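Student: I have a model open and would like to learn how to read it, feature by feature. Could you walk me through it?

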Amino acid sequence: MTDRIIPVLDERAALRVPAGAVVAADGHVADRLQRPLRDLRVSVTDRCNFRCTYCMPKEVFDKGYRFLPHADLLTFEEITRLARLFIAHGVEKIRLTGGEPLLRKDIERLIEMLARLRTRHGRPLDLTLTTNGSILARKARALAAAGLKRVTVSLDGLDDAVFRRLNDADFPVSAVLEGIAAAADAGLAPVKVNMVVKRGVNEHEIVPMARHFRGSGHIVRFIEFMDVGSSNGWRLDDVVPSREVIRRIDAEMPLEAVEPNYGGEVAERWRYRDGGGEIGVISSVTQAFCRDCTRARLSTEGRLYLCLFATGGYDLRQMLRAGADDARISAAIGSIWHVRGDRYSELRSEATAGLRKIEMSYIGG
Ligand code: SAM
Ligand code: SF4
Ligand code: SF4
């Protein structure tokens, strides 16, 4: 494929594919920092039934907030077509996210469609989903039957009052725990449980969470509160460094470090010395892992973002709906990845000072 790619522009930030950066319509592609394209995160909705204060604060995402109209969302057919083209460039793992992905109508149908795809090596995709767990108890079986392999459930503490305050939708801990149990029963195991830790808000829940899930087979991952988006009022003082998380748990339940499962794994792994299982820490603020970042993100309306902290994305939906053929879209994907140089967490602020960052609920966490 030698067709010159017309730059696809984002209304918020014009992103240009530099001239000459044309790559094969499929095949291995590495970015400017020699990072391959391995993971694709697909946001299937920008809506959510929670208003987590660190993600969709009520003051911003209120009744007047304009979510995307349905016609703007990529259809399941469009998502599956793009997924196939991303796979041709090396993607092996797809994570559905949002917003709350289980709110997207008939999400099981999309899972069925994606589960039929094969990697370049002929293997099934590593197909997974991140959810707030609110309706997982009634959905888990259907999700597994549709071909979902694993699930990550977000839960920011076991103290009901703390959790209700954080999700700001008065949602109880017990229902999320039921969702986790249902997922495990349906074979979506091991379940990963994500806890965002915020100083002075839920840090006292670190050890109880570790204690609760120790020996369960589920893996809790403690995430540093990130400066993603522009509406969560992030301050460095609110971040509890992963080192501190490990120190606190280790004091009660001794831990030892574990080798990563694969290069580029986001979570740093630790296990209980007595064999009680493992935990993870995600240190995007205090120990950036950009040099191994192999993730692309497809927003709800079909824009390709190269970084969680990007200020603009490439409009693939426009290409799809303008009738571009597979070869052309595939070449665009390859070319865009080829010139990627994003490493926001390593630079922090210098790179995007003053620019409006994309919200996590839109780009997909
Ligand atoms: N609604 C689903 C959920 O909450 O699991 C999926 C989307 S959510 C944006 C994906 C993940 O991002 C969740 O685990 C959430 O806790 C995490 N997250 C959201 N805002 C964050 C922030 N400011 N810092 C760190 N993690 C964040
Ligand atoms: Fe919704 Fe997930 Fe964001 Fe919470 S973290 S508001 S559950 S999208
Ligand atoms: Fe990847 Fe961007 Fe996060 Fe760095 S800051 S790890 S490049 S998503």
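Student: Let me start with a helix. What should the 13 residues of helix 5 span, and how far apart are its end C-alpha atoms?

Tutor: Happy to help, and please keep in mind that this is a predicted model. The idea is to count 1.5 Å a residue, taking one less than the number of residues. For helix 5 (residues 173–185) that gives an expected 18 Å, and the end C-alpha atoms lie 19 Å apart, which agrees.

Student: Which residues of helix 5 are buried?

Tutor: Here, buried means under 20% relative accessible area. In helix 5 this holds for Val173, Ala175, Val176, Gly179, Ile180, Ala182 and Ala183. Their cover includes helix 3 (136–146), strand 4 (150–154), helix 4, strand 5 (192–197) and helix 6. Just past helix 5, look for glycine 187, whose phi is positive, about 95°.

Student: Now the charged side chains. How many salt bridges does the structure hold?

Tutor: There are 26 of them. To read one, look for a side-chain nitrogen of Lys or Arg within 4 Å of a carboxyl oxygen of Asp or Glu. Then see where the two partners sit in the sequence. Take aspartate 160 and arginine 164, whose side chains form a salt bridge at 2.6 Å, N to O. Both belong to helix 4 (residues 160–167) and are four residues apart, about one turn of the helix.

Student: Are aspartate 160 and arginine 164 buried or partly exposed?

Tutor: Aspartate 160 is partly exposed at 28%, and arginine 164 also counts as partly exposed, at 27% relative accessibility.

Student: Which parts does the salt bridge between arginine 81 and aspartate 326 tie together?

Tutor: Begin with the bridge itself, where the two side chains meet at 2.7 Å, N to O. Arginine 81 is in helix 1 (residues 76–88) and aspartate 326 in helix 9 (residues 326–338), so the pair links parts 245 residues apart in sequence. Arginine 81 is partly exposed, with a relative accessible area of 23%, and aspartate 326 is partly exposed at 28%.

Another pair to find is glutamate 252 with arginine 211, a salt bridge of 2.7 Å, N to O. Glutamate 252 comes from helix 7 (residues 242–252) and arginine 211 from helix 6 (residues 206–213), so parts 41 residues apart in sequence are tied together. Salt bridges can also share partners, and in this way Arg199, Glu203, Glu244 and Arg248 are joined into one network.

Student: What about a charged residue in helix 1: is glutamate 78 buried or exposed?

Tutor: Glutamate 78, which is found in helix 1, counts as buried at 14% relative accessibility. For a case like this, check what the side chain meets. A polar contact of 2.8 Å joins the side chains of glutamate 78 and arginine 321. Leaving aside neighbours within four places in sequence, glutamate 78 is in contact with Leu73, Leu320 and Arg321.

Student: Last, the ligands. Which residues surround ligand 2?

Tutor: List the shell, then sort it by character. Around ligand 2 are Cys48, Phe50, Cys52, Cys55, Met56, Gly99 and Asn132. That shell has five nonpolar residues, two polar and no charged.

Student: And how many residues surround ligand 3?

Tutor: The shell of ligand 3 holds 13 residues, and the closest are Cys290, Cys293, Cys307, Leu308 and Ser345. Strand 10 (295–298) and helix 10 (344–347) are the elements that each give two or more residues to it. Sorted by character, this shell has seven nonpolar, one polar and five charged residues.

Conventions. Residues are numbered from 1 along each chain as its sequence is written. Chains are lettered from A and ligands numbered from 1 in the order in which they are written. This is a predicted model: local features need pLDDT of at least 70, side-chain atom pairs count only at pLDDT 80 or more; totals for chains, interfaces and linings use all residues. Side-chain values use heavy atoms; hydrogens and water are left out. A residue is near a molecule or strand if one of its heavy atoms lies within 4 Å of it. Ala, Val, Leu, Ile, Met, Phe, Trp, Tyr, Cys and Pro count as nonpolar, Asp, Glu, Lys and Arg as charged, and the others, Gly among them, as polar. Buried means under 20% relative accessible area, exposed over 50%, partly exposed in between (1.4 Å probe, protein chains only). Contact means heavy atoms within 4.5 Å. A polar contact is a pair of N or O atoms within 3.5 Å; within protein, one must be able to donate a hydrogen and the other to accept it, and residues adjacent in sequence count only if both atoms are side-chain atoms.
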